[in-house]
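Please examine the model shown below. The paragraphs that follow it treat the enclosed space first and the packing of a helix pair second.

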Amino acid sequence: VSIPLSHELRREAFSTGSRCNAHTITTCMFGAVAVVANFCVVFDIPINLFEPLHSDWGKYYREFGKHLPLFVAEFTGGWFLVSLACIMRSRCVLDTGLLGWVLLAYIFVPTVFAPMHQRCYAVWGNLYLFAMVTQTWKMKGSDAIARCTRTYWPLLFMLLCLLAMPDMTGRCDMFPPGHAWERFRHSAGQCLLAVIFVAGGFKIEEDPHGVTHWLGWWSLFAYISHVACFRILGSPYAAILIFGLMVPFYAQHRLKKCRRAVSTN
């Protein structure tokens with residue numbers, strides 16, 4: 001589903017290729033689905049696909065199914081707005097670097113003022129969109145944010161500690177707290193880290209030992225496989241396996257480095 005939009009973003013970034021007709025089609029599709037979903041939200045029309053399922057999996061997502069129209073409206077709405085901005089060439093938004101900030105507000109403001117069980121799935125999908133957009137159009141103020149982060153990172157660490165709620169149990173992303181202030185504290189930390197990450201605040205300028213190269217590939221592997229390993233092996237064996245696989249990644253990095261040195265000589 002994201003391929004037409006990613007093609008359009010690459011075309012904008014490198015000024016190459018022609019407009020993809022599929023992008024216009026998917027834009028219309030996202031807009032139509034968003035309109036139908038918002039209609040269901042306004043008129044309280046339930047669309048619970050998980051209600052007939054009596055398995056543990058169905059019971060787990062039954063609460064999410066009660067809010068399915070709102071989830072669909074939020075997810076497709078973000079993709080529709082970005083796709084529409086690309087088609088209309090809204091330079092007042094694109095060239096000024098405001099699209100990323102607008103999208104960020106679209107993602108996180110509802111998490112504070114309109115809580116919904118398991119909203120994290122819509123947030124994750126829109127964060128993927130946010131990363132795609134900010135890779136093409138830098139957010140306004142990115143250089144200043146990156147510079148301040150590298151200079152005053154201890155203050156950032158203190159701020160994140162103040163926002164944290166160590167006495168609160170459970171997953172606040174899936175089952176939001178009851179008070180708006182608590183939801184703000186939870187969402188603010190995630191939003192702050194997302195902004196700093198896309199702004200380049202965590203970019204490492206020097207890596208004398210070449211650790212970040214192989215560790216980056218291992219972290220990507222761990223990110224996409226840790227849940228499956230946990231569900232198959234359980235704790236603590238899944239963690240032992242994931243962290244133990246750092247050794248093969250490092251060995252492969254060293255082997256490539258040695259081969260490169262031999263071929264050079």
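How many cavities of 30 Å³ or more does the structure hold? In this predicted model, there is one cavity of that kind. Rolling a probe the size of a water molecule over the atoms shows where empty space is left. The space within the largest cavity amounts to about 170 Å³.

The lining of the largest cavity is made up of 17 residues, and those closest to its centre are Thr111, Cys172, Asp173, His186 and Ser187. Three elements each give two or more residues to this lining, namely α7 (99–113), α8 (120–136) and α11 (180–199). Of the elements, α11 gives the most, with four residues. By class, the lining comprises ten nonpolar, four polar and three charged residues.

Helix α8, one of the elements that line the cavity, also packs against helix α5, which spans residues 68–88. Two packed helices are described by the angle between their axes and the distance between the axes. For α5 and α8 the angle is about 10°, and the axes lie 9 Å apart. Because angles under 35 degrees count as roughly parallel, α5 and α8 are described as roughly parallel to each other.

On the α5 side, the contact is made by Phe71, Glu74, Phe75, Gly78, Trp79 and Val82. On the α8 side, the residues are Tyr121, Ala122, Gly125, Asn126, Tyr128, Leu129, Met132 and Val133. Sorted by class, the contact of α5 with α8 has ten nonpolar, three polar and one charged residues.

Terms used:
Residues are numbered from 1 along each chain as its sequence is written. This is a predicted model: local features need pLDDT of at least 70, side-chain atom pairs count only at pLDDT 80 or more; totals for chains, interfaces and linings use all residues. Side-chain values use heavy atoms; hydrogens and water are left out. On a 1 Å grid over the protein atoms alone, a cavity is a set of points where a 1.4 Å probe fits but cannot get out, and a pocket is an open set with protein on both sides within 12 Å along at least five of seven lines; lining residues have an atom within 4 Å of a point. Grid points are joined across faces, edges and corners, and a volume is the space filled by probe spheres set on the points. Ala, Val, Leu, Ile, Met, Phe, Trp, Tyr, Cys and Pro count as nonpolar, Asp, Glu, Lys and Arg as charged, and the others, Gly among them, as polar. Axes are lines fitted to C-alpha atoms, for helices over the stretch in contact, and angles run from 0 to 180 degrees between N-to-C directions. Angles under 35 degrees count as roughly parallel, over 145 as roughly antiparallel, 65 to 115 as roughly perpendicular and the rest as oblique. Contact means heavy atoms within 4.5 Å.
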